[in-house]
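Here are some notes for a colleague who is opening this structure for the first time. Please read them with the model in view, taking the points in order.

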Amino acid sequence: MRKRPVALLLCLSVAACSPQAQDQIARNAARSAITPVVQDRFPGVPLQPAIDCIIDNANAAQINALAADAVLGATESTAQIVTDIVSKPETLTCLAAEGLPALLR
C-alpha cells in the first residue's frame, strides 16, 4: 500500500523537526483533512476562515488525529472530530467573527 511509506516518511521527517515545526506540519496536514469535511458538511460557509477557526480551536490530540487522517484518508471519525471542534463555543465565536464578515463581502 502506497500510503504506509508516505506515513512512515512523514513520521521520520517530523521527528527530526523542532516542536514548533512539528506542530506546523501537523496543522498543515490537518487542514487538508478538514477541507473536504467543511465543504461537505457546511456548504456555503467561507472555507478559509472556517478552517482557520477549526484549527485554532482544536486541541493537540485532535490536530494529530486529523493530521493522520490526511495521510491515511478521511473517515467518519474525521467528520466527527471536525463537528466536535465546530461545536465548541470558542469555535462558534471565531466563526461568527471571521466567517460572517467573509460572507458579507
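1. Just after helix α4 comes G73, a residue with a positive phi, near 110 degrees. The model in which this angle is seen is a predicted one, and every point below should be read with that in mind.

2. Helix α4 itself covers residues 60-72. With 13 residues, α4 reaches 18 Å from its first C-alpha to its last, which is close to the 18 Å expected at 1.5 Å a residue. At the other end from G73, where α4 starts, a side-chain oxygen of N59 reaches to within 3.1 Å of the backbone nitrogen of A61.

3. Which residues of α4 are buried? They are Q62, I63, L66, A67, D69 and V71. As background for reading such a list, residues three or four places apart point the same way, because an α-helix has 3.6 residues a turn.

4. The partner to look at next is helix α5, made up of residues 76-86. Two packed helices are described by the angle between their axes and the distance between the axes. Here the axes of α4 and α5 come within 10 Å and cross at roughly 145 degrees, and the crossing is left-handed.

5. On the α4 side of this contact stand Q62, A65, L66 and D69, and they meet S77, T78, I81, V82, D84 and I85 of α5. Sorted by class, the residues of the contact comprise 5 nonpolar, 3 polar and 2 charged.

6. Is D69, which lies in α4, buried or exposed? D69 counts as buried because its relative accessibility is 13%, and the cut-off for a buried residue is under 20%. The side chain of D69 makes a polar contact with the side chain of T78, at 2.5 Å. When neighbours within four places in sequence are left aside, the residues in contact with D69 are A33, A74, T75, S77 and T78; two of these, S77 and T78, are also named in the meeting of α4 with α5.

7. For the chain as a whole, the count is 6 helices and 0 strands, so that a reader following the sequence meets the pattern α-α-α-α-α-α. The chain has 105 residues, of which 33% count as buried. Among contacts between residues at least 6 apart in sequence, 65% join residues at least 24 apart.

Definitions and conventions
Residues are numbered from 1 along each chain as its sequence is written. This is a predicted model: local features need pLDDT of at least 70, side-chain atom pairs count only at pLDDT 80 or more; totals for chains, interfaces and linings use all residues. Side-chain values use heavy atoms; hydrogens and water are left out. Axes are lines fitted to C-alpha atoms, for helices over the stretch in contact, and angles run from 0 to 180 degrees between N-to-C directions. Helices (H or I, at least four residues) and strands (E, at least two) are DSSP runs, numbered from the N terminus. A crossing is left-handed if the near helix is turned anticlockwise from the far one by less than a right angle, and right-handed if clockwise. Contact means heavy atoms within 4.5 Å. Ala, Val, Leu, Ile, Met, Phe, Trp, Tyr, Cys and Pro count as nonpolar, Asp, Glu, Lys and Arg as charged, and the others, Gly among them, as polar. The expected span of a helix is 1.5 Å times one less than its number of residues. Buried means under 20% relative accessible area, exposed over 50%, partly exposed in between (1.4 Å probe, protein chains only). A polar contact is a pair of N or O atoms within 3.5 Å; within protein, one must be able to donate a hydrogen and the other to accept it, and residues adjacent in sequence count only if both atoms are side-chain atoms.
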